[in-house]
Amino acid sequence: MHRGANVTPAERRRRLDAILDRHGNARTELLQILREVQEPEGWIRAEALTTIARALKLPRARVEGVAGFYSFLHLKPGGRYRLRFSDNITDRMAGSEPLLARLCELLWVERGRTSEDGLVSIDTTSCTGMCDQAPALIANGWAIPRLDSVRIDRIAELVRSGQPVERWPRELFIVDDNIRRKDVLLGADLAPGEAVHAALARGSGALRERASNERSWREAIEIAPQGPRAVLEEIKLANLRGRGGAGFTTGLKWEACASAPATPRYVVCNADEGEPGTFKDRVLLNSYADLLFDGMTVAAYAVGARHGFIYLRGEYRHLLSHLQAVLDRRRREGLLGSGICDWPGFDFDIAIHLGAGAYVCGEESALIESLEGKRGVPRNRPPYPVTSGYLKQPTIVNNVETFCAAALIAVHGGEWYRGLGTLRSSGTKILSVSGDCARPGIYEYPFGTRLSQVLADCGAEFTQAVQVSGASGICVDESEFDRRIAFEDLPTAGAFMVFDESRDMFEVARSFVQFFAHESCGFCTPCRVGTTLVRKLMDKLAAGLGSPQDLAQIVDINRLLQSASHCGLGHTACNPVLDTMKRFRPAYEQRMVSLDFSPAFDLDGALARARAMTGRDDPGAHFGTGP
């Protein structure tokens, strides 16, 4: 519970000074400073922005601009309790909307508003990564899954009692992993640091093996793959590709960073898992943190980095203390810090930066901008992060699953990993399965697995469609369930949303369109305006006022977004509409009032108030009936 009423101005200033000192008045720490300043009261006061700007020697407008960019930062007071319902399509399917209405009624507050006594604010937010246990909400930054009427009534009682969120019953906050199928990654039983030891041994082992066939040790040193190079070669041999969706070859990315002449170099883990329907990284962060940190440390050894960051999405704040505890233990065990594993000169440590609600920060260059304490606006490329990333230095950015896979390769070797999956898609893929199925959760499969197999395993029946890879991905119908999860067929960042025959696929697409319009960062006009226009056209169709011209206009807007948008958000924003129009066109046609153009605005209806005020109802007072 935010306790702003009990904080004096002097206490605020002392706390702010302490926060600034702890972060060394570093500009790169601006987002973290703003987040911590907001913590006690739930919003950031104007005088705090001024003090921060002076301390960091930044224009005040820039500090306020950063604070205004992120949806979890607030420049105006709200309720002491901020309750945000997850608004992904899977939450709606699970009944989030009537539960939200019930809580608003119980607490006497309108959706999107703050109660008159300042006690509570209730609104929606984008997908919170709890699709396997939807519906869910976030209470003052803490996730509460598996909502039902009983839980809603309990939350209302706790709010009315003034009980701080930190003291609410622990069972409300339990988030299950729901691991349904394990393969080599989820089934790995590696000790903390095992992958790091294996990477160090692999380099020296390769050296010794080559030397045994040479005339002298000195000659062997010249031609054998050594240390970091040996690890890079194994990653390349494995043909590991990024698991965030784009599928870029990890070994080539690491090699480019290692070959960049500038130093220092950085390793960044993208844990900003914001794609609707995706929650696999949440599970890896919760139960496989050591495997992740091993993978990041292996990467640091391979590219010669001394500093690493995890960019943790704001919705996963509940994992922050757990991850910090794991990092602290690894430092005590010599797996982070100076001389890792007693290896002279191998120095590497990891810091966690918590995001503040911005889907666009899942794009690697926007994430780096946010790490530097700026608005999360994607950069122009080239240059690419491997040569000019964090602070313009060589940086590798990979997601959680990719680093975990790299740790496995360090232990078992590239040849072993390449033998899994398909020729072009080696290894396994973790899927976040949700929607209309009996067993939602986490499933790991070798690449090449058919959709029909996943549907059978998760208990899906009467399935009409699957959304693969989230809102920006691909929607397939039942005629395509024999397609395979693979980069050469259906690439995916992990989301696998199931829709049975009872679902209206137009409304599914419309919810994704609303998501993109809400999450557009606003930097470029094509995306800012284009996503809004598509949303309005879908709303017009939903109101029964659509026509074929509206669908044609969406196609035209997509061409503009494809050619002129600054980043991938705009490029993929129309995918849900185009895919469902192609496969489920009757869902659109039944909403058309005619086959001709139909305006969404009723001009004659708008004149009704004027007619009532003037007492006129003759033909001349109606639009289109006069002389």
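Helix pairs whose axes meet at under 35 degrees count as roughly parallel, those over 145 as roughly antiparallel, those from 65 to 115 as roughly perpendicular, and the rest as oblique. Keep that in mind for the helix stops on this tour, and bear in mind throughout that the model is predicted.

**Stop 1: α10 against α13**

Select residues 227-238 for α10 and 289-303 for α13. The two helices pack with their axes 7 Å apart, at an angle of about 120°. That value falls in none of the named ranges, so α10 and α13 are oblique to each other. Turn the view until one helix sits in front of the other: α10 passes α13 in a left-handed crossing.

Now show side chains. From α10, pick Gly227, Pro228, Val231 and Leu232; they meet Val298, Tyr301 and Ala302 of α13. Sorted by class, this contact has 6 nonpolar residues, 1 polar and no charged.

**Stop 2: α12 against α16**

Next, select 280-287 for α12 and 400-412 for α16. Their axes come within 9 Å and cross at roughly 50°. That makes α12 oblique to α16. On the α12 side the contact uses Lys280, Asp281, Leu284 and Leu285, and on the α16 side Val400, Glu401 and Cys404. Which classes turn up here? The contact of α12 with α16 divides into 4 nonpolar residues, no polar and 3 charged.

**Stop 3: α23 and its surroundings**

Go to residues 575-583, helix α23. How many of its 9 residues are buried? The count is 7, so this helix is mostly covered. To see them, select Asn575, Pro576, Val577, Asp579, Thr580, Met581 and Arg583. Then bring up the cover in a second colour: it includes strand β14 (474-477) along with helices α19 (505-519), α20 (525-542), α21 (548-564), α22 (568-572) and α24 (586-589).

**Stop 4: Arg379**

Center on Arg379, in the loop between α15 (364-371) and β10 (395-399). Is this arginine buried or exposed? Its relative accessible area is 17%, so Arg379 counts as buried. Follow the side chain of Arg379 outward and you find the backbone oxygen of Gly389 at 3.0 Å. Leaving aside residues up to four places away in sequence, Arg379 touches Ser365, Ile368, Glu369, Glu372, Ser388, Gly389 and His566.

**Stop 5: Glu41 and Leu75**

Glu41 is in the loop between α2 (30-38) and α3 (46-56). With 13% relative accessibility, Glu41 counts as buried. Draw a distance from its side chain to that of Arg45: the two share a polar contact of 3.0 Å.

Leu75 is the next pick, in the loop between α4 (60-69) and β1 (81-86). Leu75 has a relative accessible area of 30%, so it is partly exposed. Add Ala46 to the selection: the C-alpha atoms of Leu75 and Ala46 are separated by 7.5 Å, with their positions 29 residues apart along the chain. Beyond residues up to four places away in sequence, Leu75 touches Trp43, Ile44, Leu49, Glu64, Ala67 and Gly68.

**Stop 6: backbone oddities**

For the last stretch, switch to the backbone. Most peptide bonds are trans, and most residues other than glycine have a negative phi. Here are some exceptions to look at.

- Ala134 and Pro135 are joined by a cis peptide bond, with omega about -5°. Pro135 sits in the loop between β3 (120-125) and β4 (137-139).
- Thr263 and Pro264 are also linked by a cis peptide bond, with omega about 0°. Look for Pro264 in the loop between α11 (250-259) and β7 (266-271).
- Asn178 is not a glycine, yet has a positive phi of about 55°. Asn178 lies in the loop between α7 (149-161) and β6 (179-181).
- Cys341, another residue other than glycine, has a positive phi near 55°. Cys341 is in the loop between α14 (320-332) and β9 (349-354). With a relative accessible area of 17%, Cys341 is buried.

Notes:
Residues are numbered from 1 along each chain as its sequence is written. This is a predicted model: local features need pLDDT of at least 70, side-chain atom pairs count only at pLDDT 80 or more; totals for chains, interfaces and linings use all residues. Side-chain values use heavy atoms; hydrogens and water are left out. Axes are lines fitted to C-alpha atoms, for helices over the stretch in contact, and angles run from 0 to 180 degrees between N-to-C directions. Helices (H or I, at least four residues) and strands (E, at least two) are DSSP runs, numbered from the N terminus. A crossing is left-handed if the near helix is turned anticlockwise from the far one by less than a right angle, and right-handed if clockwise. Contact means heavy atoms within 4.5 Å. Ala, Val, Leu, Ile, Met, Phe, Trp, Tyr, Cys and Pro count as nonpolar, Asp, Glu, Lys and Arg as charged, and the others, Gly among them, as polar. Buried means under 20% relative accessible area, exposed over 50%, partly exposed in between (1.4 Å probe, protein chains only). A polar contact is a pair of N or O atoms within 3.5 Å; within protein, one must be able to donate a hydrogen and the other to accept it, and residues adjacent in sequence count only if both atoms are side-chain atoms.
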